[in-house]
Amino acid sequence: MSEWYPATTPITLPTLVGSESATEGERIVVIGGGNWGTTFAKIVADGGRNVTLVVRRPELVEEINGAHRNTLYLPGINLPERIVATDDLAAAISGADLIFISVPAQSARENIEEFREFLKPGASIVSLMKGVERSTGKRMSEVIADVSGIGADHIAVASGPNIALEIAREEPTAIVVASESEDLAVRVAQVARNSYLRSFVNQDVIGTEFGGVLKNLIAIAIGIADGVGYGENTKASIMTRGLAEITDFAVAMGASRETMMGLAGMGDLIATCMSPLSRNFTAGRLLGQGYSYQDVNSRMEQTAEGLRSVDSIRELAEERGVPMPIVQQIAAVLEGRMRPVDLAPHLATDNEIPRGE
Ligand SMILES: NC(=O)C1=CN([C@@H]2O[C@H](COP(=O)(O)OP(=O)(O)OC[C@H]3O[C@@H](n4cnc5c(N)ncnc54)[C@H](O)[C@@H]3O)[C@@H](O)[C@H]2O)C=CC1
Ligand SMILES: O=C(CO)COP(=O)(O)O
């Protein structure tokens, strides 16, 4: 691979034509039969490749292979026949070249532990997850490296404004793939593209991952504002100050500012804050309507990663001296120390002298 594409550059067709064969014949596995894992398998299949989808429930294996549906997670969506579901993780992983993981972030470690002995030499792992591990504060690519022992040149992450059900409905969308290895990023981007999904690449793994994690927190804040009944000024103020806040954090952690202005940062922030399909927004809205953290947890049937990332992000920010007033306030609402209605006025750390925007 001689050329490299910055975050703002789509992979253009001439490039793809020349290297299309790089991914042909590769065995592709997606782990996780939830909202995003199933949608991602559809993306790959609609791009013309066969894909094995590893799920846990035998009845879901039957539904996907028989009716080509995953009714619980993707109602109304017909899945391509190129997706073959299995609950046999070991068999799926043995011989797999490219493995995408889409399970809740807190389950990632145990999931990789379960399959690492079956990894074939040269296999690559791609995280589709948008959370940090609570017990360690690690990003998912770090957890993958820790547990699998695979080197950074075989690890990638994919992120962007990717509300699963919209993509499953084949609404045009963009995604960004990041890896320290340009070859791997381009290979993965070639797999994650089809008539309705355009893929971009970059080398900023830290920024691409943190973009996905951090926008969840701001989406919770927007949900809280919505639940309280505040209008668009409040939400726009939180989104704008939120972007500044999460950018400062990500840059302090080693991300590039440019990434945070791209698909994985601003792009995903907009999608998640604006979509009623977002689980993080929904969890925030319930909080804003007066439900407690415990109530929200029990009402959420799908993964709202932001709820589990708040503490880790707060700790990392404190360690690095990055002010995160909005994240602090989300934590205060979650812990019952602040009324949701009081969240929005405190968009900045309370300074006596107003500071520059
Ligand atoms: N749903 C979406 O629109 C998007 C989600 N993501 C991220 O993808 C990740 C997964 O989210 P969703 O699929 O939406 O969640 P989900 O709640 O819809 O599904 C999670 C799936 O993981 C399975 N699972 C749980 N623990 C497991 C384990 N130990 N081993 C194997 N499977 C396990 C569950 O059975 C379920 O099928 C999250 O990190 C999320 O932030 C990223 C982009 C878009
Ligand atoms: O990451 C997502 C969209 O890019 C999905 O957001 P939610 O997890 O809040 O549904």
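A nitrogen atom of ligand 1 lies 2.8 Å from an N or O atom in the side chain of Asn111. This counts as a polar contact, that is, a pair of N or O atoms within 3.5 Å; within protein, one atom must be able to donate a hydrogen and the other to accept it, and residues adjacent in sequence count only if both atoms are side-chain atoms. The protein covers 89% of the 830 Å² of accessible area that ligand 1 has on its own. Such areas come from the Shrake-Rupley method with a 1.4 Å probe; for residues, only the protein chains shown count as cover.

This is a predicted model: local features need pLDDT of at least 70, side-chain atom pairs count only at pLDDT 80 or more, and totals for chains, interfaces and linings use all residues. Residues are numbered from 1 along each chain as its sequence is written, chains are lettered from A and ligands numbered from 1 in the order written, and side-chain values use heavy atoms, without hydrogens and water.

Polar contacts of both ligands are listed here.

| Ligand atom | Protein partner | Distance |
|---|---|---|
| Ligand 1, oxygen | Lys130, polar backbone atom | 3.0 Å |
| Ligand 1, oxygen | Arg279, polar side-chain atom | 2.9 Å |
| Ligand 2, oxygen | Lys130, polar side-chain atom | 2.9 Å |
| Ligand 2, oxygen | Asn162, polar backbone atom | 2.9 Å |
| Ligand 2, oxygen | Asp268, side-chain N or O atom | 2.6 Å |

Taken alone, ligand 2 exposes 310 Å², and the protein buries 92% of that.

Now the shell of ligand 1. It has 23 residues, the closest being Asn35, Asn111, Ala164, Thr303 and Glu305. A shell residue has a heavy atom within 4 Å of the molecule. By class, the shell around ligand 1 holds 8 nonpolar, 10 polar and 5 charged residues. Helix H2 (35–46) and helix H5 (108–115) each supply at least two of them. H2 gives the largest share, 3 residues. Helices are DSSP runs (H or I, at least four residues), numbered from the N terminus. Domain 1 (13–203) and domain 2 (207–342) each contribute at least three residues to this shell.

Ligand 2 has its own shell. Its residues include Lys130, Asn162, Asp268 and Arg279. The classes are 2 nonpolar, 5 polar and 4 charged. Helix H12 (263–274) and helix H13 (279–288) each supply at least two residues. Ligand 2 lies between domain 1 (13–203) and domain 2 (207–342), because both give residues to its shell. Domain bounds come from an automatic or database domain assignment.

Methods:
Ala, Val, Leu, Ile, Met, Phe, Trp, Tyr, Cys and Pro count as nonpolar, Asp, Glu, Lys and Arg as charged, and the others, Gly among them, as polar.
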